[in-house]
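Q: I should like to learn how to read a protein model, beginning with the overall fold and ending with the aromatic rings. Please guide me through it.

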Amino acid sequence: MESKEIVQMGYDCFAKKDLETFATLYHENCKIHVNGMHRFSRTYNGIGDWIQNHLAFIPTLFDEFVVEPIEMTGEGNRVFVRSTVKAAGMEFEAGHLFTLEGGKICEFCIYDDSQKVAHTMKAI
């Protein structure tokens with residue numbers, strides 16, 4: 001599978017709430033960087049850390065949370081995705097940068113509108 005296909009599969013799994021398959025797309029020692037200054041802003045070390053300490057909280061903090069890719073550009077082992085992020089009372093465009101090695105995502109940088117995220121979570 002090409003890098004863009006792996007990344008697209010991740011968005012598809014996330015939309016279906018299939019975190020078991022989603023996790024298999026990531027290298028076990030991956031780094032996930034979440035921008036901003038809210039309670040989930042930090043670097044996560046490994047897919048388990050990210051799922052347990054960030055993704056697991058999304059359903060309780062955001063109603064109707066959806067991430068949809070708009071445009072995907074890939075070159076070599078890097079894929080950049082322009083996406084929309086929506087939830088009740090929140091909508092913005094985000095940039096997501098993926099780096100892959102050996103057919104797995106080893107680094108994911110999330111450039112969201114962290115101010116809107118924090119406001120929706122009532123964390124400001």
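A: Helices (H or I, at least four residues) and strands (E, at least two) are DSSP runs, numbered from the N terminus. By this definition, the protein chain has five helices and six strands. Their order from the N terminus is α-α-β-β-α-α-β-β-β-β-α. The model is predicted: local features need pLDDT of at least 70 and side-chain atom pairs pLDDT 80 or more, while totals for chains, interfaces and linings use all residues. Residues are numbered from 1 along each chain as its sequence is written, and side-chain values use heavy atoms, with hydrogens and water left out.

Q: What is the radius of gyration of the protein chain, and what does the globule rule give?

A: The radius of gyration is taken over C-alpha atoms, and the globule rule is 2.2 Å times the number of residues to the power 0.38. Here the radius of gyration is 14 Å, close to the 14 Å that the rule gives for 124 residues, so the protein chain is as compact as a globular protein of that length. Along the principal axes, its C-alpha atoms fill a box of roughly 40 × 25 × 25 Å.

Q: How many of the 124 residues, in percent, are buried?

A: A residue is buried under 20% relative accessible area, exposed over 50%, and partly exposed in between (1.4 Å probe, protein chains only). Buried residues make up 42% of the 124 residues.

Q: How is a pair of aromatic rings described?

A: One gives the distance of the centres and the angle of the planes. Rings of Phe, Tyr and Trp (its six-membered ring) pair if their centres lie within 6.5 Å; planes under 30 degrees apart count as stacked, over 60 as edge-to-face and the rest as tilted. This rule yields 10 aromatic pairs. One of them joins phenylalanine 14 and phenylalanine 22, a tilted pair with 6.0 Å centre to centre and 50 degrees between the planes.

Q: Is phenylalanine 22 buried or exposed, and which pair does it form with tryptophan 50?

A: Phenylalanine 22 counts as buried because its relative accessibility is 4%. The ring centres of phenylalanine 22 and tryptophan 50 are 5.8 Å apart with planes at 40 degrees, so this pair is tilted. It links distant parts of the chain, 28 residues apart: phenylalanine 22 lies in helix 2 (residues 19–24) and tryptophan 50 in helix 3 (residues 47–53). Tryptophan 50, at 3% relative accessibility, is buried, whereas phenylalanine 14, at 21%, is partly exposed.

Q: Which residues do ring pairs link into a cluster?

A: The cluster consists of Tyr11, Phe14, Phe22, Tyr26, Trp50, Phe62, Phe65, Phe98 and Phe108.
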